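Hi there,

Here is the structure I promised to pass on. Have a look at it first, and my notes follow below.

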Amino acid sequence: MPCYSIEGVIPVVDPSAYVHPTAVLIGDVIVGPDCYIGPAACLRGDFGRIVLERGANVQDTCVVHGFPAHDTIIEENGHIGHGAVLHSCIVRRDALVGMNAVVMDDAEVGEQAIVAASAFVRAGMKIAPRTLVAGVPAKQIRELSTQEIAWKQEGTRTYQDLTRRCLASMQEVQPLAAIEAERPTLAAPFVEPLISAKQA
C-alpha cells in the first residue's frame, strides 16, 4: 500500500487489519485490529493523529484528516460509508457515517448513532447516542429503532468478515476475456438494504 512517514512518524497497521493497496496512509495514522480500509481511501495524518479502533471500517474514497493537536478518532466498530469525509472529529463506538456525508471539526457522532448519506455535520455538533441525523446542515430526526441498530451492527460485521476474506484471498490479477462456464460465486454473508428489512 502507499504508506508514507513524515518527520519520522510512521503509520501503524495491526496485522489483522486489511488496507487496500490503493489506499494511502500518511504519518500519524493508527489502524487497530480487524479494521478494513477500502480502495482509494486517504488517511492523512500529517497535522493531527488519526485512530481507528478495533473493527472499524473506512470504505472506498473516504478522506480522513484533521487539524494539528486534534485527533480524528473512529471508535470500535465505527462504520464510515463510501466517500465520506471526516475532519478533526470523533465517531463513537458502533456509530455509522453514511455515504458522502461530511463530519466537521470537533463534531462528535454519539455511540450507535447514524449520520444519513450526504448529511453535513457542522463543526462542534454533538449527536446524541442512538439517534439519526440527516440534512444539510444535519438535524436530529429521531431516535433509532432496535431494528435499525441491529441492521447497522450486521453491516459492520460484514465488513469485519470482508477484512478476513481480503487477507485470505485478495490479489491483483489480469481480467478474463470471457465468463467461465462454471463461474464461482462470492462467499459474502447476506445483508439486505435497510429498506428491504423494514418491508419484510
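Let's start with charge: the chain carries 16 positive and 23 negative side chains, and the centres of these two sets sit 6 Å apart. Keep in mind as you read that this is a predicted model.

Now the overall picture. You'll find two helices and 20 strands in the chain. Along the principal axes, its C-alpha atoms fill a box of roughly 55 × 55 × 25 Å. The radius of gyration is 17 Å, which agrees with the value near 16 Å that a compact globule of 200 residues would have. Of those 200 residues, 44% are buried. The chain exposes about 10,500 Å², with carbon and sulfur atoms supplying 57% of that area. If you take the contacts between residues at least 6 apart in sequence, 15% of them join residues at least 24 apart.

On to single residues, beginning with Asp46. Look for Asp46 in strand β6, which covers residues 42–52. Is Asp46 buried, exposed or partly exposed? Its relative accessibility is 23%, and because buried means under 20% and exposed means over 50%, Asp46 counts as partly exposed.

Which residues does Asp46 touch, once neighbours within four places in sequence are set aside? They are Ile6, Ile26 and His65. With His65 there is also a polar contact between the two side chains, at 2.8 Å. The Asp46 side chain makes another polar contact, this one of 2.7 Å, with the side chain of Arg44. As for distance across the model, Asp46 and Val133 are 87 residues apart in sequence, and their C-alpha atoms are 30 Å apart in space.

Next up is Gln112, which you'll see in the loop between β15 (108–109) and β16 (114–115). Although Gln112 is in a loop, it counts as buried, with a relative accessibility of 13%. What surrounds Gln112, not counting residues up to four places away in sequence? The list of residues it touches runs to Arg93, Asp94, Ala95, Arg130, Thr131, Leu144, Ile149 and Gln153.

Finally, a few backbone details. As background, most residues other than glycine have a negative phi, and most peptide bonds are trans. Here are three places in this model to check against that.

- Val136 to Pro137: this peptide bond is cis, with omega near -5°. Pro137 is in the loop between β19 (131–134) and β20 (139–143).
- Ala40: phi is positive here, near 65°, in a residue other than glycine. Ala40 belongs to the loop between β5 (36–37) and β6, and at a relative accessible area of 42% it is partly exposed.
- Thr61: phi is near 65°, again a positive value in a residue other than glycine. The loop between β7 (57–58) and β8 (63–65) holds Thr61, which counts as partly exposed at 46% relative accessibility.

If you want a place to begin in the viewer, try Asp46 and follow its side chain to Arg44 and to His65. After that, you could go to the loop with Gln112 and then to the cis bond before Pro137.

Over to you, and happy browsing!

Methods. Residues are numbered from 1 along each chain as its sequence is written. This is a predicted model: local features need pLDDT of at least 70, side-chain atom pairs count only at pLDDT 80 or more; totals for chains, interfaces and linings use all residues. Side-chain values use heavy atoms; hydrogens and water are left out. Helices (H or I, at least four residues) and strands (E, at least two) are DSSP runs, numbered from the N terminus. The radius of gyration is taken over C-alpha atoms; the globule rule is 2.2 Å times the number of residues to the power 0.38. Buried means under 20% relative accessible area, exposed over 50%, partly exposed in between (1.4 Å probe, protein chains only). Contact means heavy atoms within 4.5 Å. Accessible areas come from the Shrake-Rupley method with a 1.4 Å probe; for residues, only the protein chains shown count as cover. Lys and Arg count as positive and Asp and Glu as negative; His and the chain ends are not counted. The place of a charge is taken as NZ of Lys, CZ of Arg, CG of Asp or CD of Glu. A polar contact is a pair of N or O atoms within 3.5 Å; within protein, one must be able to donate a hydrogen and the other to accept it, and residues adjacent in sequence count only if both atoms are side-chain atoms.
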